[in-house]
Protein chains: 2
Amino acid sequence: MDHPITVDSDACTRCGICIEICPMGIIAQDGPDDLPGLVPGGAAVCSRCGHCEAVCPAGAVSARYPACGPQHLPGGSAAIAPADLAAYLRARRTVRRYREECVDRETVEALLDVVRFAPSGMNGQPVHWLVVHDPAEVRRLAGLAIAWMREASRAGHPMADLFGVLVRTWDAGVDQICRGAPHLVIAHADAKNPMAYTDSIIALTWLEVAAPSFGLGTCWAGFFQMAASASPALAEALGLPEGHAPQYAMALGYPAYRFPRVPGREPVRVTWR
Amino acid sequence: MDHPITVDSDACTRCGICIEICPMGIIAQDGPDDLPGLVPGGAAVCSRCGHCEAVCPAGAVSARYPACGPQHLPGGSAAIAPADLAAYLRARRTVRRYREECVDRETVEALLDVVRFAPSGMNGQPVHWLVVHDPAEVRRLAGLAIAWMREASRAGHPMADLFGVLVRTWDAGVDQICRGAPHLVIAHADAKNPMAYTDSIIALTWLEVAAPSFGLGTCWAGFFQMAASASPALAEALGLPEGHAPQYAMALGYPAYRFPRVPGREPVRVTWR
């Protein structure tokens with residue numbers, strides 16, 4: 001029988017927080033002195049979120065599913081003051097000019113190792129990654145996106161005018177598809193998963209938020225994504241696993257320029273109820 | 001004539017970075033000693049991203065559109081070390097148990113004042129906010145979501161079984177719609193804007209990322225969002241501006257419990273090219 005969690009009877013104080021916190025309501029105890037445990041049938045609906053082991057003040061709960069933790073938080077260092085986080089987030093800029101220098105695979109892995117903790121619907125964790133690390137391959141794929149736009153523009157696509165501009169700019173040597181970035185990161189997932197798109201946008205937002213900490217910059221590659229979801233030739237070149245669809249793409253690399261200021265944005269438009 | 005930017009001829013060093021950085025390619029200079037400025041017709045296509053004023057090393061570029069900046073970055077404080085940011089992000093947990101204490105409007109405003117710097121497609125900044133601050137109103141709206149699920153379940157909705165569970169749980173006094181949170185935050189935008197959903201998910205991800213810094217917790221209210229986008233009664237109760245649609249909702253409040261550990265998540269699944 002599958003036991004996704006176990007509870008250490010010596011360590012457990014019977015505080016009941018694991019019962020309170022379980023989003024599926026599958027942890028229970030018979031009486032106040034009994035050990036909490038899974039309700040019958042609970043294993044089948046456990047979402048493997050790990051809240052039970054993460055929250056236990058006594059460290060008495062252990063998760064037993066694959067890739068389980070827990071990691072202990074380094075004392076105090078998980079807190080960032082609001083002013084520091086606000087300055088960090090406001091300083092983030094979309095980067096469309098990159099240095100030619102490549103980013104080590106190890107750095108990209110470290111970045112993705114943060115992003116894998118992004119939330120996902122029902123803890124489905126559906127996002128896989130294609131990292132196009134070879135700059136020449138990024139250019140080749142951008143060229144395939146341009147080839148699709150050239151055709152779509154001729155065929156009267158509703159965005160024909162914009163595609164025409166992108167194609168002419170490309171022909172003049174300027175890459176507005178991947179912005180000349182050395183790397184391209186594509187989040188992909190099962191095309192039939194109704195939560196895959198939302199979860200991918202959340203994950204890519206985490207990637208963009210974490211990137212400046214590593215000295216990196218990003219740009220949402222919307223034009224690339226449009227082509228990737230419509231062009232059979234580009235889809236073939238991406239070679240995603242059977243049944244997977246590209247959810248969104250993001251350019252990645254070292255920014256060519258520093259931004260010493262934060263530009264204005266619309267004031268908050270909020271209705272209170 | 002509309003001049004979205006001006007350049008101070010004394011301060012400008014003619015370095016050309018504003019020309020390089022402009023995503024629309026609408027800044028140019030005639031010769032290397034001439035002052036950069038907008039190309040004819042440039043004002044009409046300026047996306048008001050403010051990159052030109054944010055990047056200028058000499059502070060010579062000023063944006064003149066509404067709500068413009070710039071804010072100078074406080075020296076050095078915009079940087080956060082990768083290990084600190086990673087610990088902060090990994091420590092974030094979806095919160096489904098809240099203290100009864102309300103969050104001051106000022107704190108919510110401060111949080112949204114960070115989120116307004118989240119990126120958006122073509123710098124469209126389409127996201128508006130409805131903050132349901134009154135806990136009784138949150139319960140009333142959650143009740144309307146449940147009323148819709150009760151009907152949809154009877155009418156044979158594909159998710160009838162799940163809705164049945166949510167309805168029975170609600171009838172037993174447990175709120176799985178807004179998770180008993182004191183507040184509900186709804187991102188809304190023009191229903192015809194094709195980028196509104198993606199931009200709203202990015203903005204809500206920023207809200208969720210910034211919340212723990214303010215001591216707050218969040219939960220993506222997917223069941224509420226389903227009802228809000230389908231129930232005429234709930235739509236009327238929300239009273240969004242004409243033409244706007246609820247893009248996604250998020251529960252907000254002070255977490256009832258601390259999570260001293262980080263649970264496991266799937267290892268990174270990456271293909272390198």
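**Note on helix packing, a surface patch and two backbone angles**

1. In this predicted model, helix 6 of chain A passes helix 7 of chain A in a left-handed crossing, meaning that the near helix is turned anticlockwise from the far one by less than a right angle. Helix 6 covers residues 135–154 and helix 7 residues 160–171, and the two pack at an angle of about 135° with their axes 9 Å apart. The two helices are therefore oblique to each other, the term for angles that are not under 35 degrees, over 145 or 65 to 115.

2. On the surface, A:Met24, A:Val45, A:Met122 and A:Met195 form a nonpolar patch, with about 340 Å² of accessible area together. A:Val45 belongs to helix 2 (residues 42–45) of chain A, and because its relative accessibility is 43%, A:Val45 counts as partly exposed, a class that lies between buried (under 20%) and exposed (over 50%).

3. Most residues other than glycine have a negative phi. A:Arg14, however, has a positive phi of about 60°, and this residue sits in the loop between strand 1 (5–7) and helix 1 (17–21) of chain A.

4. Phi is also positive, near 55°, in B:Met122, which lies in the loop between helix 5 (105–115) and strand 6 (128–132) of chain B. B:Met122 counts as exposed because its relative accessibility is 54%.

5. On conventions, residues are numbered from 1 along each chain as its sequence is written, and chains are lettered from A in the order in which they are written. Local features need pLDDT of at least 70, and side-chain values use heavy atoms, with hydrogens and water left out.

How values were computed
Predicted model: local features only at pLDDT ≥ 70, side-chain atom pairs only at ≥ 80, totals over all residues. Patch = residues over 30% accessible without salt bridge, like charges linked within 9 Å, V, L, I, M, F, W, Y side chains within 5 Å. Areas by Shrake-Rupley, 256 points an atom, 1.4 Å probe, with all protein chains shown as cover. Salt bridge = Lys/Arg side-chain N within 4 Å of Asp/Glu carboxyl O. Helix = DSSP H or I, 4+ residues; strand = E, 2+ residues; numbered from the N terminus. Buried < 20%, exposed > 50% of the residue type's maximum accessible area, 1.4 Å probe, protein only. Axes fitted to C-alpha atoms, helices over the stretch in contact; angles between N-to-C directions.
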